[in-house]
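Work through the exercises below with the sequence and the model open. Try each task before reading its solution.

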Amino acid sequence: EQQKWHLAGVRGVAGAAPEPPLPITKILYHQTSPHIGHIILREGFKPGHTGWCGGGIYFAATPQATVGKAIGPDSHTGFIIAAKVNLGRAKLMYGRCEHDMTEAKLRRWGYDSILWHPSPCCAFGDEYVVYSPDRVLSTWHHKW
């Protein structure tokens with residue numbers, strides 16, 4: 001029996017062909033250093049080189065969740081950016097993501113972004129990953 005899922009505007013049937021795109025736009029959060037944060041606000045996001053889901057632009061659902069997510073070798077802390085992000089059609093992934101994921105690979109699968117559930121044990125929740133800076137519609141410094 002196929003399992004249906006629906007979460008935060010992401011929908012589909014396991015094993016079935018992708019559904020028509022949903023216009024999903026969310027306010028999401030990204031933590032970096034104050035120096036890099038000001039550069040991002042001025043010049044825009046650029047995809048990273050590495051990550052659990054490849055070299056993308058990673059976001060959390062809340063400012064608090066960024067604290068547990070900015071932990072990779074290329075991560076920085078001290079400055080939170082809020083962003084309006086067009087997720088387009090999001091591929092829901094559980095547990096392990098794909099370290100070699102790219103925008104081209106994701107598009108071949110019929111998706112524009114990833115909504116990743118790292119595991120039930122992770123206290124900081126889901127991660128949203130986009131691979132094109134064009135998906136980030138606007139940004140501002142989130143002061144907290």
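**Exercise 1: the disulfide**

Cys97 is buried, at 9% relative accessible area (buried means under 20%, exposed over 50%, partly exposed in between, with a 1.4 Å probe and protein chains only). The model is predicted: local features need pLDDT of at least 70, side-chain atom pairs count only at pLDDT 80 or more, and totals for chains, interfaces and linings use all residues. Residues are numbered from 1 along each chain as its sequence is written, and side-chain values use heavy atoms, leaving out hydrogens and water.

Task: Find the residue that a disulfide joins to Cys97, and give the handedness of the bond.

Solution:
- Step 1. Apply the rule: a disulfide is a pair of cysteine sulfur atoms within 2.5 Å. The count comes to one disulfide.
- Step 2. Identify the pair. Cys53 is joined to Cys97, with an S to S distance of 2.1 Å.
- Step 3. Read the torsion. About the S-S bond of Cys53 and Cys97 it is about 115 degrees, so the disulfide is right-handed.
- Step 4. Place the ends. Cys53 sits in the loop between α1 (34-43) and β4, and Cys97 in the loop between β6 (90-94) and α3 (103-108), so the pair ties together parts 44 residues apart in sequence.
- Step 5. Check the burial of Cys53. Its relative accessible area is 0%, so Cys53 is buried.

**Exercise 2: the fold**

Task: How many helices and strands does the protein have, and in what order do the elements run?

Solution:
- Step 1. Count the elements: three helices and nine strands. Helices (H or I, at least four residues) and strands (E, at least two) are DSSP runs, numbered from the N terminus.
- Step 2. Read from the N terminus: β-β-β-α-β-α-β-β-α-β-β-β.
- Step 3. Weigh sequence separation. Of the contacts (heavy atoms within 4.5 Å) with a separation of 6 or more, 68% are between residues 24 or more positions apart.
- Step 4. Add burial. Of the 144 residues in the protein, 40% are buried.

**Exercise 3: Thr32 and Ala65**

Task: Is Thr32 buried or exposed, and which residues does Thr32 touch?

Solution:
- Step 1. Locate Thr32: strand β3, residues 25-32.
- Step 2. Classify Thr32. Its relative accessibility is 4%, so Thr32 counts as buried.
- Step 3. List the partners. Leaving out residues up to four places away in sequence, Thr32 touches Gly37, Ile40, His76, Thr77, Gly78, Phe79 and Ile81.

Task: Where does Ala65 lie, and how far is Ala65 from Gln31 in space?

Solution:
- Step 1. Ala65 lies in the loop between β4 (57-60) and α2 (66-69).
- Step 2. Ala65 is buried, at 8% relative accessible area.
- Step 3. C-alpha to C-alpha, Ala65 and Gln31 are 9.4 Å apart, with their positions 34 residues apart in sequence numbering.
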